[in-house]
Amino acid sequence: MTKFFQLVIAGIEIGSIYALVALAIVIIYASTGLKNLAQGEMAMFSAFIAYQFHAWGLGIWLALILAILTTFVLGMGVQQVVLKPVQDSSLLTVVIVTLGLFLGLNSVAGFIWGYMMLAFPAIFPEGALEIGSVDISYAAIGVFAVLLACAGALFALFQFTKIGLAMRAVAYNKETSMLVGVQVNRVIMVGFGLAASLGAVGGIFAAPKLFLDPFMMLTVLIYALASAAFGGLDSPLGAVIAGLFIGIIENLAGGYIGFIGSDLKIVVPLVIILGTLLFRPQGLLGRKYIPRV
Amino acid sequence: MANTTITRGTSQYRSIVTVGFALLGLVVILLPFVLSGFRTFQFTMALLWALGVLSLNMLTGWSGQISLGHSALFGLGSYTTCILVGTYDWNPILTIPVAALVTFIFGIMIGIPALRLAGLYLALMTLAIGVAFTPVIRRFKEHTGGSMGISIKKKVFPEEILGLNLDQYLYFLVVIFAVVMFALARNLLKSRVGRAITAMRDNEIPAQTMGIYPARYKTLIFATSSMFAGIAGALYAFVIRFSAPYSFTLTLAIFFLAGLVVGGIGTLAGAVLGGLFIQFVPYYAEEINQGLAGMVFGIIIIIIMVSAPTGVLGLIKKLRARFVTVTDPSVVRH
Amino acid sequence: MSLLEVNNLVAGYGMVQVLNGISLSVEDGEVAVVLGANGAGKTTTLRALTGMIKTSGSVLFEGEEMVGKKTDQIVRRRIAHVPQGRGTVAQMDVDENLDLGAYIRTDKAGIAADRQKMFELFPRLAERRKQSAGSLSGGEQQMLAIARALMMSPRLLLLDEPSLGLAPLIIRSVFDTLRQINTEFGTTMLVVEQNANLALSIAKTAFVLETGDIVAGGSAEQIAADDTIRKAYLGI
């Protein structure tokens with residue numbers, strides 16, 4: 001039984017990361033219809049920025065916050081320079097541009113910081129809470145708490161603020177938003193910055209566990225995409241639930257199904273993506289019309 | 001300079017095309033004798049990448065379906081050859097049809113669920129396949145050699161054939177395959193099937209009313225595209241004589257897509273340009289810095305998509321159009 | 001000076017020109033209608049006025065040139081546009097749609113007061129405050145769309161075929177409400193409509209649009225009484 005709980009807790013810990021990146025993907029998708037395949041790389045880049053701030057002498061939490069703010073600004077910049085020019089182009093163009101971004105970010109990170117794995121400082125204190133025979137690490141509790149805080153803040157933003165209302169309106173009905181005076185382009189830009197920041201949180205909190213190198217977020221991206229698809233590409237709540245779910249399932253499968261072991265764990269999200277796309281393309285909680293053949 | 005008009009089908013047009021191809025042919029044939037072994041190898045690789053780009057072009061340029069998994073199909077072809085030759089001592093040439101068949105079948109398997117998806121969802125599915133390739137290969141290490149990869153001993157290939165050394169005859173082998181495959185692709189495009197597919201890409205419903213059934217053709221294209229990638233992969237195994245899980249990652253899939261975009265989506269000649277791009281840009285960029293290659297690629301992709309979505313070939317065509325207009329013969333005869 | 005003065009407005013989609021240089025004007029406080037059959041260019045006219053498509057020519061609103069401005073800039077001058085197909089956000093509930101309508105306003109008290117007015121004007125909406133707009137009936141959605149537009153406290157209200165897709169009884173009710181809004185709040189309106197009788201019944205001025213050209217214009221009584229116009233362009 002201990003093993004079970006231990007795996008579930010590990011699942012929640014990594015699932016929180018998936019959920020954060022999935023949230024980022026969902027926000028961008030909901031407001032612009034763009035599936036940002038470069039999200040993982042942006043998150044990785046933010047983790048490096050945080051690392052750099054810390055290396056320059058700032059305390060880890062200050063470094064984190066600065067990195068997240070920097071990412072917000074950079075995210076807006078990327079949207080304006082790279083994505084806005086192609087936002088009305090064909091799907092293929094947009095996908096290719098995000099892939100170009102993917103490649104570019106990966107390479108710039110490698111260029112600046114090299115390809116050797118770096119040790120990211122621990123954000124939460126070492127040690128664990130012991131309940132019976134089960135150890136709940138402070139890191140796991142911490143990351144989960146961060147997820148809940150972010151999700152809560154996002155909820156409050158969308159439900160209770162004017163900008164949140166505008167963002168939702170743009171996601172649901174761009175034309176009507178324009179007609180009530182919403183500056184759609186500005187809202188999209190801010191939305192992108194916000195999503196980038198969420199991804200940054202995911203990347204930063206993943207770094208101590210996954211070790212920092214330009215390829216760190218590659219597999220996380222797949223899990224996050226699976227979570228976003230499974231939860232419903234336009235449902236933030238779905239993204240959170242799906243992220244945690246996939247984290248838990250992945251660990252349970254790896255721990256209990258010998259065939260999968262730790263090598264094939266990635267098959268889990270892939271099967272989920274395929275299953276979702278084929279049987280229930282709108283995901284658990286999603287709503288939008290899915291382009292079908 | 002005045003703009004001259006050339007009409008397709010006239011003897012003037014035909015002679016220009018013939019001379020052009022003859023010159024090209026001459027360059028291609030003389031290349032391995034003029035350049036060093038290593039350079040010949042590089043051009044051989046460029047041709048292989050071009051075939052990869054071509055396979056993607058069939059899917060994306062013609063039928064508008066996005067695939068991020070072609071690296072997996074390429075790798076599948078390569079592994080097929082390496083396993084059959086390395087473990088089971090097959091004659092290398094015989095592995096090519098096997099690789100073609102294996103990837104064709106995979107293509108059908110992917111093509112069928114792909115029917116129900118479109119656009120970004122298809123990209124996501126193929127992304128999943130592309131990324132899954134590496135860990136799956138590692139998992140079945142008894143057959144594939146796992147992370148260490150699997151290699152073909154050089155002895156399998158004779159030192160010399162008809163007076164040509166290894167680099168040279170492999171080059172010609174790939175050239176022959178490339179010419180055949182490009183010709184096949186061109187014929188496919190011009191055939192009834194090909195025209196049906198491009199008709200569907202632009203607008204599916206009218207195509208359907210004309211009696212063209214999307215499902216059959218889409219799956220066929222997927223399978224054919226996969227097969228081309230698989231054959232290219234098998235030839236890759238001839239040249240490199242080594243397959244490893246990390247050779248066929250998402251990065252390669254992105255490179256194929258980049259080559260497609262840079263060369264010009266939907267064009268055959270663009271595939272060759274794309275192949276050259278994939279081979280030589282990273283080579284020179286890496287001399288400066290390892291990360292630079294990807295950065296250059298990434299930036300170039302973005303710039304091209306934003307400013308010249310028709311790729312380099314599109315730009316060349318536009319340039320040529322300033323001086324020469326190529327028209328089709330008018331239907332009405334005087 | 002008219003509230004809205006349109007001169008030689010040319011507009012279209014891509015390479016297709018739909019409006020060939022139309023001119024019309026709307027006085028402060030009146031209801032003006034643009035009549036025309038399908039394909040005449042009615043929707044295009046309104047979209048051109050709110051900057052949603054490329055236009056050339058001149059649109060003077062309160063003396064200020066609107067051509068070349070972006071939609072949100074135009075809307076901020078207090079021009080509310082109720083597009084064809086309602087223009088409500090289906091996924092949001094009635095309350096949120098009204099909130100959205102008041103987006104450019106900052107006077108909380110005024111917004112609350114106007115919201116009350118809307119519920120008095122449209123009691124059906126008051127009953128369904130927390131229902132999503134998409135679950136309302138066609139007539140209710142149209143009312144919500146109008147209410148949404150009115151929440152802006154607009155100087156000019158543009159309505160695109162309010163009768164479209166509604167049952168006759170509901171249409172009558174909608175048009176009665178429009179007349180009520182004009183008399184009670186003094187809101188200036190420009191309505192484009194296919195249903196000539198209905199539109200003329202609430203209008204002061206009328207224009208007739210036929211494949212991109214204004215072929216007639218004058219007071220509503222004039223246009224209604226003119227048999228040649230009715231037969232030739234309005235099919236009645």
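**Exercise 1. Of the two pairs of chains in contact, find the pair that shares the most contacts.**

Solution. Start with the term: two residues are in contact if their C-beta atoms, placed from the backbone, lie within 7 Å. Of the two pairs of chains in contact, chains A and B share the most contacts. Chain B and chain C do not touch, and their nearest C-alpha atoms are 18 Å apart.

Two notes before going on. This is a predicted model: local features need pLDDT of at least 70, side-chain atom pairs count only at pLDDT 80 or more, and totals for chains, interfaces and linings use all residues. Residues are numbered from 1 along each chain as its sequence is written, while chains are lettered from A and ligands numbered from 1 in the order in which they are written.

**Exercise 2. Describe the side of chain A that touches chain B.**

Solution. Count the residues: 39 of chain A are in contact with 38 of chain B. Next, list the elements that give two or more residues to this side of chain A: helix 4 (91–113), helix 9 (217–231) and helix 11 (267–279). Helices (H or I, at least four residues) are DSSP runs, numbered from the N terminus. Helix 4 of chain A gives the most, with 17 residues. Last, sort by class: 30 nonpolar, six polar and three charged. Here Ala, Val, Leu, Ile, Met, Phe, Trp, Tyr, Cys and Pro count as nonpolar, Asp, Glu, Lys and Arg as charged, and the others, Gly among them, as polar.

**Exercise 3. Do the same for the side of chain C that touches chain A.**

Solution. Here 19 residues of chain C are in contact with 13 residues of chain A. Helix 2 (71–75) and helix 3 (94–101) of chain C are the elements that give two or more residues to this side of chain C. Helix 3 of chain C gives the most, with four residues. The classes are eight nonpolar, seven polar and four charged.

**Exercise 4. Check the span of helix 3 (residues 70–86) of chain B.**

Solution. The expected span is 1.5 Å times one less than the number of residues. For the 17 residues of this helix that should give 24 Å. The end C-alpha atoms are 24 Å apart, which agrees. Now test burial: a residue is buried if 20 or more other C-beta atoms, placed from the backbone, lie within 10 Å of its own, exposed if 12 or fewer, and partly exposed in between. In helix 3 of chain B, 17 of its 17 residues are buried.
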